[in-house]
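Student: I've got a structure open and a pile of labels for it. Can we go through what earns each label?

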Amino acid sequence: MSDLNSRRRPRGGRWLPRLAWFSLLVLLLAALLLAGAGPAYRLELLPLGSAFDMLRRGVYLSAGAATLGLLALIAATFCRRLQPALIGGLVVVATAAMLAVPWLHWQRAQTAPPIHDITTDTENPPAFETLAAAREAAPNAVEYPGESVARQQREAYPDIQPMILDAPLNLARDVAEAAALDMGWQLAHNSLTRIEATDTTTWFGFTDDIVIRLSEDDDRVRLDVRSASRMGRSDVGANAARIRAYFEAVERRLD
């Protein structure tokens, strides 16, 4: 009878379900680290370096969870154990989905130049005035970095150019202001020829500064934009993407 029971006992014993559940537990811990790094920094619970360390640990734990989940899936498939196979497969799929955003961010970081100050006019960039004091208190400089950054910008983002509006200055200013509000920016200055604003990132709460300059050109208005990060050597393309999105908002307002 004991031989018969041993033959009927599911292959994998107790270790296979435990392995599957453990991989799920590791995945949940990794998710907490990844999701909590940004809010922990925004709430000033951790300095930026510690928050980034928290992110790295979350990535490492995610890789470990995926490895354990894959082992559980393979072993459960071989042993014909449905529940461990489902849990292991879930862990592998969830890990891939969870790491997709950090992976894309890392990929962009490999191709983006190490610059953080982007402008449509590299020869005469719009200057920060109202936001100058806030930028002086931040790590990155108030003044435009110069030709070395301009050269890298032209090579990486050749499409970042001034926008020409076929509209009088008053209307162009109203459109520029409305588009900035559409972007969710906080206006710090708003005059006929210049708008200054800030944009705060959702996850870590980094503050970037934007200045918009309107210049009359015959019957048209030239719109120049400068977007600069307050901290960090590379913006991973965020400021160029912000300028593109803003011009799209302006076009929608004009339509």
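Student: Why is Glu-147 called partly exposed?

Tutor: One thing up front: this is a predicted model. Glu-147 has a relative accessible area of 47%. Buried means under 20% and exposed means over 50%, so 47% falls in between and Glu-147 is partly exposed.

Student: What makes Glu-147 and Arg-154 a salt bridge?

Tutor: The closest N and O atoms of Glu-147 and Arg-154 are 2.5 Å apart. The cut-off is 4 Å between a side-chain nitrogen of Lys or Arg and a carboxyl oxygen of Asp or Glu, so the pair qualifies. Arg-154 is partly exposed too, at 40% relative accessibility.

Student: How many salt bridges are there by that rule?

Tutor: The count comes to 17. One of them joins Asp-117 to Arg-226, with 2.8 Å between the closest N and O atoms.

Student: What makes you say that this pair links distant parts of the chain?

Tutor: Look at where the partners sit. Asp-117 is in strand β1 (residues 117-119) and Arg-226 is in strand β6 (residues 220-229), 109 residues apart.

Student: And how do you know whether Asp-117 and Arg-226 are buried or exposed?

Tutor: Use the cut-off again. Asp-117 has 1% relative accessibility, and Arg-226 has 2%. Buried means under 20%, so Asp-117 counts as buried, and so does Arg-226.

Student: Which parts does the salt bridge between Asp-209 and Arg-230 tie together?

Tutor: The N to O distance for Asp-209 and Arg-230 is 2.9 Å. Asp-209 lies in strand β5 (residues 207-217) and Arg-230 in the loop between β6 and α8, so the bridge ties together parts 21 residues apart in sequence. Both Asp-209 and Arg-230 are buried.

Student: What makes Asp-121, Arg-213, Arg-222 and Asp-224 a network?

Tutor: Shared partners. Salt bridges that have partners in common join Asp-121, Arg-213, Arg-222 and Asp-224 into one network.

Student: On to pockets. Which residues lie nearest the centre of the largest pocket?

Tutor: Phe-52, His-105, Phe-204, Phe-206 and Val-236 lie nearest its centre, out of 32 lining residues. The elements giving two or more residues to that lining are α3 (48-79), α4 (82-111), β4 (194-200) and α8 (238-254). α4 gives the most, with eight residues. About 1,300 Å³ of space lies in this pocket.

Student: How does the lining of the largest pocket divide by residue type?

Tutor: It has 18 nonpolar, eight polar and six charged residues. Phe and Val count as nonpolar.

Student: What about the second largest pocket: how much space lies in it?

Tutor: About 150 Å³. Its lining includes Asp-121, Arg-154 and Arg-222. You've met those already: Arg-154 bridges to Glu-147, while Asp-121 and Arg-222 belong to the salt-bridge network. The lining divides into four nonpolar, four polar and four charged residues.

Student: Val-236 came up in the largest pocket. What is noted about its phi?

Tutor: Phi of Val-236 is positive, about 55 degrees, although the residue is not a glycine. Val-236 lies in the loop between β6 and α8. At 15% relative accessibility it is under the 20% cut-off, so Val-236 counts as buried.

Student: Where is Arg-80, and what is its phi?

Tutor: Arg-80 is in the loop between α3 and α4. Its phi is near 60 degrees, a positive value in a residue other than glycine.

Student: Why is Arg-80 called exposed?

Tutor: Arg-80 has 72% relative accessibility. Exposed means over 50%, so Arg-80 counts as exposed.

Student: Last one: which residues make the nonpolar surface patch of about 370 Å²?

Tutor: Trp-103, Leu-104 and Trp-106 make it. Leu-104 is found in helix α4, and has a relative accessible area of 49%. A patch residue needs over 30%, so Leu-104 clears that bar. Exposed would take over 50%, so the label for Leu-104 stays at partly exposed.

Methods. Residues numbered from 1 in each chain as written. Predicted model: local features only at pLDDT ≥ 70, side-chain atom pairs only at ≥ 80, totals over all residues. Heavy atoms only, no water. 1 Å grid on protein atoms, 1.4 Å probe; cavity = no way out; pocket = protein on both sides within 12 Å on 5 of 7 lines; lining within 4 Å. Points joined across faces, edges and corners; volume = space filled by probe spheres on them. Helix = DSSP H or I, 4+ residues; strand = E, 2+ residues; numbered from the N terminus. Patch = residues over 30% accessible without salt bridge, like charges linked within 9 Å, V, L, I, M, F, W, Y side chains within 5 Å. Areas by Shrake-Rupley, 256 points an atom, 1.4 Å probe, with all protein chains shown as cover. Buried < 20%, exposed > 50% of the residue type's maximum accessible area, 1.4 Å probe, protein only.
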